[in-house]
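Trainee: Could you give me a close look at one chain of this model, along with its setting among the others? I would like to see how its charged pairs, its packing and its odd backbone spots fit together.

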Amino acid sequence: MSASADPSGTDPSGADPSAANPVLVSPHTEVGAPIVRITALRKSFGTNEVLKGIDLDVMRGEVVAVIGKSGSGKSTLLRCINGLEVFQEGSLSVDGKPLLHDSALAMRELRQRVGMIFQSFNLFPHLSVGRNVMLAPRLVKKRRADENEARARQLLARVGLAEKFDAMPDQLSGGQQQRVAIARALAMDPAVMLCDEITSALDPELVGEVLRVVESLAEDGMTLLMVTHEMGFARKVADRIIFMDRGRVHESGPPDKIFGHPETPELKQFLSSLHD
Amino acid sequence: MRIALDFWPVLVQWPLLLEGAAWTLGLTAIATLLGSGIGIACAWARAKGPRPLRWAAGVYVELIRNTPFIVQLFFIFFGLPAAGIKLTPLTASILAMTINLGAYATEIIRAGIVATPRGQIEAGESLALSRVQIFFHVVLPPALKRVWPALVSQIIIVMLGSAVCGQISMEELSHAANLIQSRNFRAFEAYILATLVYLGLAVLVRRLLNWVGPRFVFGGRGGA
Amino acid sequence: MVDFTLWDILRNLLLAARWTIVLSLIAFIGGGVMGLVLLVLRLGRNRFADMVIGGYVQLFQGTPLLMQLFLLYFGIALFGVDTSPWVAACMALTLYTSAYLTEIWRGCVEAVPRGQWEASASLALSFGQQLSHIILPQALKIAVPPTVGFLVQVIKGTALASVIGFVELTKAGGMIANATYEPLLVYGFVALIYFAICFPISLVAGSLERKLHVGQR
């Protein structure tokens, strides 16, 4: 695919990335180029096609929320972006680097640019909080030990867990674990963060603390692509909402339009089903 | 009928028992280190390796687990010289114990690896770790933690099994008991004492490994 | 100097393997009966019995089987009884087996949920009735795979009887190896015969266990 294709009229966010918090290393891309570019992506599990031709560009600093029924393919789409799922057709590039499943080296290059937060946290249970954050920078980026630790402490402070550096994951609440997972992903200086239903496994009273961290990342100019069931949050934080239905991007646009003036019957039905 | 037990003639030979116990511990320590290494390598081969390797590791595990240790030892010590490989009692003992423990450790560690949640590997992948890094830093330490009690039990079984090495004149604990009884004809007393020393060693090794495991093998704040 | 054909070696080993099987069966059946008695005694919630049997299990699991064989061999002689390797081997292996089986089975009984004891007690069943009608039938199901698996341990354990002079497969192998000067071949055969006996049992134990796990889900 050609990286020079016109970014198909998507409206970059109005946020000014230059005001970014110093904790976040500024993205490496040129201004104006999409960070994630997905073209005609198709993906099947066996004979079951779950993504039926997806085109999506995500601009630098943009916050995109993907909504839709379960089974609409939104999690699969997210997992395709860092190669956890292998797709059959179409192309995908992150920060100008194409996703090549067959090249382990290219995959690792790409994954250094993409941070992922999982629904089930997936902290490493045998490592302390600090070591969870420092592991990948040490092994992959060969970051110096003192620098690595300073940065890990800084990021843990960023998510409000400075005092938990030496705690073990099983000593933390779900909300705290998820915030550690966010710090762990940030430590790799990703150009884009993928959030896969990151509050779905949390008790209701713990959802807020995680969402506040995500919101502050958005304010700091981090590019975010998130699958979420928290419609209020999506409406408040996202620059653009993508509504997926049966493997396609069915409707997309700014939150006010999607939530206020849904056009298609599928989206109307989806939104009204949320209130039942 | 009276049974006269006299432990004194055996007790005065305590340096022999001590030396034997030291050899038993030494053999066990070496077999544990080497056997665990084999176990980890073969567990990887069985769980994630290419097909021929998977198959070869399976044959090794089943052959060892379904034959007696004493036959393995005799095959190595008495059989291999016929093929031109001559071994001292010490090397034969270490080899037999290592191969034996390696096979059991393979199955034990494999069970721990297979139980790794999918999300752990995905988290490692999305942090751009390589396959080797994921295996050693993400998969293996929790796997060892999961199966540590079983592994410790197996190490103790191998230590107790090493009593057979006395039969190829390896000078370990059972051999010391045999030596003592040949000097003073107090066979029952000699074997009673040696057995008690084995019992003590079993308790000691279990305690030691339960202490070592969380600190040095799969520890959280320690090595990663 | 007698010449041994391959068939002579194999035939003699197979004949000796009969005694391995006989000794295994005696130890397994004797140890099973004794293990069951110990299990019931232990479940009787008598602290003293529990402690003594726990110590018995620890003793046999914490010491080498070879030492247990020696101790019985020389211990019986202390009573002035003329011991044969036969008697000593049967007794030692039976005691050894009983200690392991009673511990395996205790784990299976403990795996039966407490609610089953409480439910049967609240129906006014006696201890014996609870055990025989409610608990043991459930424990039995999960006990079969590890029990079959332990049979392999017993068969391999009988090889140690060779050390006190009991002529079974391993001892016969040693004698034939000395007579033929073919130790590699003979011990190779010995290992293969053990494998031929044990591997099918291991396979059965493994498939029983897999079936059990499927059934539980």
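Mentor: What follows is a walk through chain A, with a short look at its neighbours at the end. Please keep in mind that this is a predicted model.

Let's begin with the overall make-up. Chain A has 276 residues, and 57% of them are buried. Its secondary structure consists of nine helices and 10 strands. Among contacts in chain A with a separation of 6 or more, 67% join residues 24 or more positions apart. As for its surface, about 11,800 Å² is exposed, with carbon and sulfur atoms supplying 49% of that area.

Next, the nonpolar interior. The largest nonpolar core in the structure has 169 residues, and the ones with the most contacts inside it include Ile38(A), Leu41(A) and Leu92(A), together with Leu129(B) and Leu13(C). Helix 7 of chain B, residues 131-161, gives this core its largest share, 16 residues. A second core, separate from that one, has 51 residues, including Val133(A), Val159(A), Val213(A) and Ile241(A). Leu41(A) is a good residue to click on. Leaving aside residues up to four places away in sequence, Leu41(A) touches Leu51(A), Lys52(A), Gly53(A), Ile54(A), Leu77(A), Cys80(A), Phe87(A), Glu89(A), Gly90(A) and Leu92(A).

Now for a polar side chain in a covered spot. Ser72(A) sits in the loop that runs from strand 3 (63-67) to helix 1 (74-81) of chain A. Its relative accessibility is 3%, and under 20% counts as buried, so Ser72(A) is a buried residue. A polar atom of the Ser72(A) side chain is 2.7 Å from the backbone oxygen of Lys69(A). Farther along the sequence, not counting residues up to four places away, Ser72(A) touches Val50(A), Met244(A), Asp245(A), Arg246(A) and Gly247(A).

On to the charged pairs. Side chains of opposite charge can pair when their charged atoms come close. Over all chains, the structure holds 27 salt bridges. Two that involve helix 4 of chain A make a nice pair to study side by side.

In one of them, the side chains of Glu149(A) and Arg153(A) meet with an N to O distance of 3.0 Å. These two residues lie in helix 4 (residues 145-158) four residues apart, about one turn of the helix. Glu149(A) is partly exposed at 31% relative accessibility, and Arg153(A) is also partly exposed, at 37%.

The other one reaches across the sequence. Asp189(A) and Arg151(A) form a salt bridge at 2.5 Å, N to O. Since Asp189(A) is in the loop between helix 5 (174-186) and strand 7 (192-196), while Arg151(A) is in helix 4, this pair ties together parts of chain A that are 38 residues apart in sequence. Asp189(A) and Arg151(A) are buried, whereas Glu149(A) is partly exposed.

You also asked about odd backbone spots. Most residues other than glycine have a negative phi. Lys142(A) is not a glycine, yet its phi is positive, about 50°. Look for Lys142(A) in the loop between helix 3 (129-139) and helix 4. With 61% relative accessibility, Lys142(A) counts as exposed. Chain B offers a counterpart in Ala128(B), also a non-glycine, with a positive phi of about 70°. Ala128(B) lies in the loop between helix 6 (118-126) and helix 7 of chain B, and at 0% relative accessibility it is buried.

Finally, the neighbours. A network of salt bridges links Lys43(A), Arg79(A) and Glu85(A) with Arg118(B) and Glu122(B). Chain A and chain C, on the other hand, do not touch, and their nearest C-alpha atoms are 23 Å apart. Two pairs of chains touch, and chains B and C have the most contacts of these. Within chain B, Glu107(B) and Arg110(B) meet in a salt bridge at 3.3 Å, N to O. They are three residues apart in helix 5 (residues 89-114) of chain B, so about one helical turn separates them. Here the two partners differ in cover: Glu107(B) is buried at 15% relative accessibility, while Arg110(B) is partly exposed at 26%.

Notes: Residues numbered from 1 in each chain as written. Chains lettered and ligands numbered in written order. Predicted model: local features only at pLDDT ≥ 70, side-chain atom pairs only at ≥ 80, totals over all residues. Heavy atoms only, no water. Buried < 20%, exposed > 50% of the residue type's maximum accessible area, 1.4 Å probe, protein only. Polar contact = N/O pair within 3.5 Å; in protein donor to acceptor, adjacent residues only side chain to side chain. Contact = heavy atoms within 4.5 Å. Core = buried A, V, L, I, M, F, W, Y, C linked by side-chain atoms within 4.5 Å. Salt bridge = Lys/Arg side-chain N within 4 Å of Asp/Glu carboxyl O. Areas by Shrake-Rupley, 256 points an atom, 1.4 Å probe, with all protein chains shown as cover.
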